[in-house]
Structure formats: structure tokens, C-alpha cells
2 protein chains.
Amino acid sequence: MIDHRTLRVALLGAGSVGSQVARLLLEQADELEERAGARLELAGIAVRDVDAPRDVDLPRELLTTDAHELIVGSDIVIELMGGMEPARTHILDALQSGADVVTGNKALLATHGAEIFDAADQVGASVSYEAAVAAAIPILRPLKDSLAGDVVTRIFGIVNGTTNYILDRMDREGADLAEVLADAQALGYAEADPTADVEGHDAAQKAAILASLAFHTNVPLESVHCEGISSIGADAIENAKKAGYVIKLLATCERLPAEDGEDAAISVRVYPALINREHPLASVHGGNNAVYVEAAAAGPLMFYGAGAGGVQTASAVLGDVVSAARRHIAGGVGIGESARGDRPIADIGRITTRYQITLDVTDEQGVLATVATILNEGGVSIAALEQTSVETDDGESRARLVIGTHRARERALSETTARLAASSVVERVVTVLRVEGE
Amino acid sequence: MIDHRTLRVALLGAGSVGSQVARLLLEQADELEERAGARLELAGIAVRDVDAPRDVDLPRELLTTDAHELIVGSDIVIELMGGMEPARTHILDALQSGADVVTGNKALLATHGAEIFDAADQVGASVSYEAAVAAAIPILRPLKDSLAGDVVTRIFGIVNGTTNYILDRMDREGADLAEVLADAQALGYAEADPTADVEGHDAAQKAAILASLAFHTNVPLESVHCEGISSIGADAIENAKKAGYVIKLLATCERLPAEDGEDAAISVRVYPALINREHPLASVHGGNNAVYVEAAAAGPLMFYGAGAGGVQTASAVLGDVVSAARRHIAGGVGIGESARGDRPIADIGRITTRYQITLDVTDEQGVLATVATILNEGGVSIAALEQTSVETDDGESRARLVIGTHRARERALSETTARLAASSVVERVVTVLRVEGE
């Protein structure tokens, strides 16, 4: 151990993840040295306010408000400030000065990833970001390294713990979204402004990162189709359950083959989807995350674990730090991210799945025939149908149809749904949910 | 792509995995070049018999019986011959000549790992072996890299597909082992001589490899406590089910803290254990594998996928080949495996779990009191007890006790079991099973 080098590590940010990273770097310095083959010296921690209260007691002398000075001369820079600026500038400065960068900033990577990876390639430095997707779960490194000799065909990810917690409780308790969300906020599972989680924006950022790595291509955040869970009520959960499904907010990344005169493309999308209750993803409960990966040779794989938490996420950050340290002492440059192509990204209209359509219809003869005809004319074939009676808010009784379809193109399906909505026998299109994982 | 180097790849063995590796190296040469940053040229395939029939049509001109000549001058050597010799000699030769080695040979690594890793360290070459444990599932690289900054405390692995297939069918169908085993052999899930799988030897090799990596220490195969599933009957499965458990053959690797005057140690063991039906491992069905990892910071993680199969295992081999290629062109040496210590390995008597003890007892008054007294005197505390009537082979009726215990030391438990067996009220100790995953 005598000839181990010392590497200067700069930490930017001391929030819930950053403070745990600092603690572990200090407490486990000897173990980390053994793993890394180099002493990892925490040179300083850049914070906005040195006197702010923190989860972990950090040595006062390590705290600084001058991030730039800390970065210069560091071998590894850990960015855990979050947000766009000044995080982006600090990362570019760090790379320019030859440091390897570790970050958990999914929003930044999903937005400015290409710029950052190019900057890293120009100087032969590395940017790693295991913590950006699914917290502690090792998923990015397996995609990048372990599956490097395989062809990933599809990914389904439960990558947002807050919405999984909400949907799981709705599924178990029959509760409504508003009720569970309020509870989740009280318990700290959901933020005061839950928009980023509930509307799927957080999952969309992670989907963009997963698809980029899995398909070796640039995936701009704008190209990710994104629907949140705010339209999912207790009814939808109940209908799913009756048909043998559970509703999960899924980040789906899929290779679409060339067909019908269209080129091969990839599809990246986030929406609440029906998953068969026997599927391994169906048993991912509470705030946990899981990523289900289908590869041509490996077949299906699943990676499961905690989807959030300061110390859990710190584990992923430190894994990246140790790898960066090993790379730093081994010398030489690794293969960068710019080996990425620009594959065409398909519009949501191009995907093919099965659907569950729930309609409130007038309670009169011939309705079923009308609905079936519209579906048939739209090229949407019925696989299962259940008719029940529901009571409306104003006390009237109405017929409800829950229709399971065979596989259909989204484009055909949405045109057909529009025709159903316009039909005189249809009072309301209650939900249209896609079935995934088949 | 113009300045990509070409790396010579030698393949030793063209069995079910080797032939798939050869096929993918040839068919996906362009994709692999992009991933690796170097052209991977399959220089040759060493086989015992050039004319033997194979799963995949391989170019005749690549086949050779002279492994040694093929190895000399190769940059990467893939060893998929299996067995001890000549695999061991070929790997040592390859390392000596400066090649990186990729192997899936778990028996060899569990037996001669230390020698091979030392040889690699001396020349700064790498040995990777993702395919040796849980086939296609990326588990070794996550342990080595992603969790490098964390402390793995415990691993439970379903790492043998054959026994999982057998136990799963027994659990679903209430069938007996002999019956399911015969079926598994007919279907190709089990070999003609199933000893290595059924007696746990295959799982023990994988446990030794997992524990070595997770705890950064040498784990000789002889130190792995190993029990197979041959004693598990339909009765045991049924008793487990009644108590809310399922029986799985588990490879368990655990850090034991210093206590009662004994130093901290690790425990590595394979046996059929009871797992709560709500545990993620309980829903691993058929021939699938899964490894459940508990780490101090990351919390629980699970890695799931196919546990066998030629093309699935080839995916893991190619992931290692691409990584070796990247390392090869980056230059420099990585951190080797010899950063391993020699942690003390505990005897099975030292572990602490809960147990389920099934006894046939005489059907007379006071039996329960006698059994309870023996358990109490042995320091084994009863958590649950169920008494039923069973009919013996000779038509007599007998009382059966299924006793769930609180946590107890294995040493105390086995002494107590011996006293129970010797007691006049106990006809037979039917099974003693450990409960894991709690």
C-alpha cells in the first residue's frame, strides 16, 4: 500500500446525497484506498452557505463557497448540486482542467449531456453518473459494460419511487390519488410540489439517459413522450386489477424494426401502463425501483433496489468515484460516450401495444354493436370485453365497457378513440391505458 | 473508426457457450468494434475434434486442435473448455504472454483462482469471468465496480437453475423430487448425472466466487458449507408452504460480527432454506437465477435473469471481452484481484438463523412438554408450533410437530436436535431447515 498515490477529490454540494458521500469518504478512507488503489483525499466541499444546517456533521474546514478554486487542481470532481447552473459550468471547468467527473444530475445530463460528453472526450476524461438513474441500483454500468457485447432490444423501468409508492398504495388500499399523495407528502415520499414526479418529468429524464446508453444514441429530452399519473383514479386501478393487471408508471425504451415503409427507429416513452400481475415488475412495491432489460442474447434481466435516499444514492456515487480513481491511476483514456449515433426517434403514434379502453356508454340496445363497429373499422381488434353498471355523480345509472384490445398501432388506436368519443352512444372515454411487458 | 486497432481474439472451446460466442463475434463484428474501440478479430477456435458436430456452423478454417499455438500472439484469450486441465495451463500461458483472459470456468476459479489472479497481477493482465456465476446476469462487475465504495454485508443467491426448476415445480405441483428430476432430465434441464447440481456443488463454487469478490478475500472451496436438496420431499415443501415459506437452494455469503469472544468472520454456505413468500427471491421461478445483495449504504439490491443457456451465457462472455478490449487499448493496468485479504471463515456452527424443525413423535400425553423442555434447555426458543397427524408406511397413526424457532446459533440448534433425536418420545427428526432472508 506504500506506493499508493493520493487523488484530490472535490465535492460540490452537501445536500442529502452530498453529505452522505462526504461522510463515507471520510469514515471509510482506508477501505476506499484499498478498493481504488489510491488514497482519496476529500479536498473540500463547495456549498452555498457554510452555516446552513445539514444532515451530517461535516468538518468546518472542508466547507467553502468557492467551487471554482476547489475544482482547480482536483483529480476527481463530484457534482451533487443539482440544477442547470452553475453545475454545468463547474463540470465543464473540471473536465477542462483534466479531472474525471462523477455526477447524479439527471436533469443536466438529459438536457446538456451531449455537450458534457464531448468536452470529456476532447481531454480524455470520464463522466460517470450511476446515481442519476434508479439511485443505488447498478444499472448504467451493466448497460455500458456488461451488455456491451449484446443488443438491448427493450427496457421497462420503474424509475420514480414517488409514483410507485402512490400507485402501489392505490392498488393495495383502493384509495384515490389525492388521498395517497397527501399522505406521501406528509411522510416525505413526495415533495411539496409533486409535479416533476407525478407528471412523469423525472422519469422522462431517466428514460432519456437509459435509452442513450442502451441504444448508443443521442436522445434529446424533448423526444421523450411523457404522460403522468394524475389521470389515474381508483376506478382505473380496480379495472386493471379485475383484468389481472397492475398499473405502474413505466419508462419504456424500445427498438422498433423497419416496417410498412418506415425506417427502424427507437421509441422512448413514459406513461402509466398495465403490467400483468405475474410480471416481475408487478411485485416492485413501495418506493422501490426496478429496471427490466431485454437483450437479444442475454434474454430478460431485472435490476431491483431502492430508488431514492441520501445514503443509498451515495453508494452509487462512491462506486463511480472508485472506478474513476482506478482509471486515473491506470492512465490512458477509455472509450467515451461520443461513440453515440443519432438514431431516428419514433413518434408515439408508431408504437404497437395492447390497450385497455374504458368507456361510459348510454344504456340502450345496439350500443355494443356500434362500439364494436367503430373499433373494427379502425383496425382495432377486441380481445376481451366486460360490461358493468356504474352510477354517475347525479345518481343516474350508466353502462361501462372495459375493452381489452389485441395489439394495435397507437396511431390507429388514437384515431379510433377519437371516433368513439364523438359517437352519440359514448358518453365519455374514461381511460385509455397501454399494456406493456408482453 | 479509421484508427481502430485490431485485437486478436483466441477462443478455446466450442461447446454450447463457445459456439455462440464465436457466432456473435463473427456476426456482430461491426457493432463490437464500435463498442470496444478496436476490431475484434477471431483468430481461431481451439477444439478437441475439428470434425465434431456443433450447435452452430463455424468456419472450418478457424478450427484448430493446437490451443497453444493459437494462444501465442493473442491479445484476448477466451477459455470456455471447462474442467481443470488443460484449461488451467492454457490460461496461465495466455497471461504469461500478456493476453487478457475471459473465462466462465467456475470450477477452475473456485479451485485455482488465487494462482490465476496472482499470475495476472504479475504481468498486469486482467482475468474476467462474469459468465461463471448466474450466466447472463451482470452480478460480478456490479459487485467489483458499482459497489466498490460500499460494504456488502450479505448475499443470498439462487445460482443454480436446475435445482430452482426442480424446487419450483415441487412447490407448484406438490410433486416429489424423483419425479420432477426425471422430467427435468428428459427436458434437458438436468444432466444425466445430476449430482453437481442436486448436491449443491455447483452452487458452492459460485458461492465461493461471490464471497471472494463481495468481501475482498480468498474463499477456498473447501470452506464452503454445502448441503444439497436430495433430502427435500413433498412433505417439507408442504410444511414450508403452510408456514408462509418457499424452499430455495440458497448460496449465502455473510459477514458475521465479532461476538462472544469470537473474531469477526465471514460465512459462506449452500443449503435448501425457507424464504418468506413475500421476499423478492420467492418469485424467482423455473430455471431462473437471482442474486440478492445487501449493502450497508445501498440497502437491498436484486439482480435477476436467466441462469443458464449457451447464448445467454455468451452475452456475459462478450461483455467481458469488450471490457478487456477497452482496457487493452487504454493501456495501463487495472487494480487486480490480489487486493484480496484472508479473512477468517466461520464454521457453520457459528451462524444464527431461525429454524423449522419437523419431528415425528409418539402419540401420547406429555410429549409436547418433553420436546419443549429439551428445546428450552438447549437455549432454542419456540416461535410457532403446529401438531398434525400423519400416517406411517405401516398404517399406524403418529403425531407430527412442525416447530418454528426464534433465532438460534447453529451449534446450539444441532446439539438440541441431537438430543431430540435421542429422546424416547421422538420417533424421527424429519427435517431441520434454516430460514433465510430475514
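1. Let's start with the sheet in chain B: six strands make an open sheet in the order S3-S2-S1-S4-S5-S6, with parallel pairing. Its edge strands are S3 (63-64) and S6 (127-128) of chain B, each of which pairs on one side only. Strands here are DSSP runs (E, at least two residues) and helices likewise (H or I, at least four), numbered from the N terminus; two strands pair if DSSP finds at least two bridges between them.

2. A word on the source: this is a predicted model, in which local features need pLDDT of at least 70, side-chain atom pairs count only at pLDDT 80 or more, and totals for chains, interfaces and linings use all residues. Residues are numbered from 1 along each chain as its sequence is written, while chains are lettered from A and ligands numbered from 1 in the order in which they are written.

3. Within the sheet, S4 (residues 76-79) and S5 (residues 100-103) of chain B run parallel and are joined by four bridges. One pair to look up is B:Ile76, whose bridge partner in S5(B) is B:Asp100.

4. Helix H1 (residues 16-27) of chain B lies across S1 (5-12), S2 (38-46) and S4 of chain B. Its angle to S2(B) is about 145 degrees, taken between N-to-C directions on a scale from 0 to 180 degrees, with axes fitted to C-alpha atoms (for helices, over the stretch in contact).

5. Now the two chains together. A rotation of 180 degrees with 0.0 Å of shift along its axis superposes chain B on chain A, with RMSD 0.0 Å (a least-squares fit on the C-alpha atoms of residues with pLDDT of at least 70 in both copies). The two copies are therefore related as by a two-fold rotation axis. In chain B, the residue that comes closest to this axis is B:Phe303, at 2.4 Å (C-alpha).

6. What does each chain bring to the contact? Chain A gives 48 residues and chain B gives 48 residues, where contact means C-beta atoms, placed from the backbone, within 7 Å. On the side of chain B that touches chain A, the elements giving two or more residues are H2 (29-36), H6 (140-146), S12 (299-306) and H12 (310-330) of chain B. H12(B) gives the most, with 12 residues.

7. Strands also meet across the chains: S12 (residues 299-306) of chain A pairs with S12(B) in the antiparallel sense over five bridges. There, A:Tyr304 stands opposite B:Met302.

How values were computed: Contact = placed C-beta atoms within 7 Å.
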